[in-house]
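Me: I would like to go through this model with you step by step, one question at a time, with the reasoning laid out before each result.

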Amino acid sequence: MLSCVYFKETDDRIPIARVNDSYLYKDDIKDLIAKGTSVEDSTLLVNGFINRWATQRLLIEGALLNLPGEKQTEFDKLVKQYRNDLFTKAYLDALVNKNINTTVTLDQAKEVYEQNRETFKLNEELVKFRYICLPQNALNLTDVQKRFKRYDDEDKRYLDSISVQFKNYSLNDSMWVKVSQIVEKIPAINSDNKKELLKKSNYLQLKDSLDLYLMQINDVLFQNDFAPLEYVKPTIDQIVINKRKLELIKQLEKDITRDAIKNNQFEIYN
């Protein structure tokens, strides 16, 4: 009897709630409360967590008592399969991330683009443009307007050097941008003047109550035009990489099974 008592495991955890033979311990809620949370909010969080835990335990125990045995067996199989799927996916993901080549060359992207050209039609307008937002009473306004319109190499350097004076700006006019994003970003654009964004080589100067917006439209693509390769390349890259992942997973599964047979870890009995 003494030896049995001596070797009996002890549980030093502090219980904070009980539902029949199930206990919720203080350790279970140690990460529940963020630092700086008030006592009142902490109490509400803890009490809410305890009540949800108790309700769940009572429902589970009710289910175990009342659900048919075959249904419980079915659920146990589903839980086991879900666990197996989680472990399998995590392991394969780790192997794939270690071995996959994520570089997609321009030639590879072009091949995918040409083979799937019809799927890359635009569902909204794109423009290449540059813009500057600055106060209407800016001291160097005339000079900025002149350089912004002309925009030679010296003008680019100058405008970039004084960009801290601008309230907002984008001088990269070689990148395609959604018109909807421009409308969202520039409050002076409305339903009446939005169509001016869709005129190639158009120069716009808009005002609101405080600011002046200078815009130069360099190029325009319309809905149902083919999206340019440089615009959809990130999407194509992901398509190519995802295809490589699927192929690599199939190969890894074959290799793992073949190695297991070779090492006498897996065999099928006749």
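Me: Against which helix do the buried residues of helix 4 pack?
Reply: The model is a predicted one, and the reasoning can begin with the residues of helix 4 that are buried, namely Ala109, Val112 and Tyr113. They cover an arc of only 100° around the axis, and therefore they lie on the same side of helix 4. The element against which these buried residues pack is helix 8.

Me: Which residues are exposed on the other side of helix 4?
Reply: An α-helix has 3.6 residues a turn, so residues three or four places apart point the same way. In helix 4 the buried set consists of Ala109, Val112 and Tyr113, and on the other side of this helix the exposed residues are Asp107, Glu114 and Gln115.

Me: Which helix gives the most residues to the largest nonpolar core, and how many?
Reply: The largest nonpolar core holds 21 residues, and those with the most contacts inside it are Tyr113, Phe120, Val232, Ile236 and Leu252. At least two residues of this core come from each of helix 3 (69–99), helix 4 (106–115) and helix 8 (229–262). The helix that gives the most is helix 8, and its share is 7 residues.

Me: Which residues does isoleucine 236 touch, leaving aside those up to four places away in sequence?
Reply: Isoleucine 236 is among the residues with the most contacts inside the largest nonpolar core. Once residues up to four places away in sequence are set aside, the residues that isoleucine 236 touches are Ala109, Val112, Tyr113, Phe120 and Leu229.

Me: How many residues does the other core have, the one that lies apart from the largest?
Reply: Among the members of this other core are Ile186, Ile189, Leu206 and Tyr213. It lies apart from the largest nonpolar core, and its number of residues is 17.

Me: How many bridges join strand 3 to strand 7?
Reply: Strand 7 (residues 211–221) is mostly covered, with 9 of its 11 residues buried. Strand 3 (residues 126–135) runs antiparallel to strand 7, and within strand 7 aspartate 211 stands opposite proline 135. The number of bridges that join strand 3 to strand 7 is 10.

Me: In strand 7, which residue is the bridge partner of glutamine 205?
Reply: Strand 6 (residues 203–207) pairs with strand 7 in the antiparallel sense over 5 bridges. A hairpin of 3 residues joins these two strands, strand 6 and strand 7. In strand 7, the bridge partner of glutamine 205 is leucine 214.

Me: Is arginine 130 buried or exposed?
Reply: Arginine 130 lies in strand 3, and its contacts beyond four places in sequence include Leu214, Met215, Gln216 and Asn218. Because its relative accessible area is 4% and the cut-off for that class is under 20%, arginine 130 is buried.

Me: At what distance does the side chain of arginine 130 reach the backbone oxygen of phenylalanine 148?
Reply: Phe148 is one of the residues that arginine 130 touches, along with others such as Lys149, Tyr151 and Asp173. From the side chain of arginine 130 to the backbone oxygen of phenylalanine 148, the distance is 2.8 Å.

Me: How many Å apart in space are lysine 98 and lysine 262, C-alpha to C-alpha?
Reply: Lysine 98 lies in helix 3 and counts as exposed because its relative accessibility is 72%. In sequence, lysine 98 and lysine 262 are 164 residues apart. In space, their C-alpha atoms are apart by 24 Å.

Note on methods: Residues are numbered from 1 along each chain as its sequence is written. This is a predicted model: local features need pLDDT of at least 70, side-chain atom pairs count only at pLDDT 80 or more; totals for chains, interfaces and linings use all residues. Side-chain values use heavy atoms; hydrogens and water are left out. A nonpolar core is a set of buried Ala, Val, Leu, Ile, Met, Phe, Trp, Tyr and Cys residues joined through side-chain atoms within 4.5 Å. Buried means under 20% relative accessible area, exposed over 50%, partly exposed in between (1.4 Å probe, protein chains only). Helices (H or I, at least four residues) and strands (E, at least two) are DSSP runs, numbered from the N terminus. Contact means heavy atoms within 4.5 Å. Two strands pair if DSSP finds at least two bridges between them. The arc is that of the directions from the helix axis to the C-beta atoms. A polar contact is a pair of N or O atoms within 3.5 Å; within protein, one must be able to donate a hydrogen and the other to accept it, and residues adjacent in sequence count only if both atoms are side-chain atoms.
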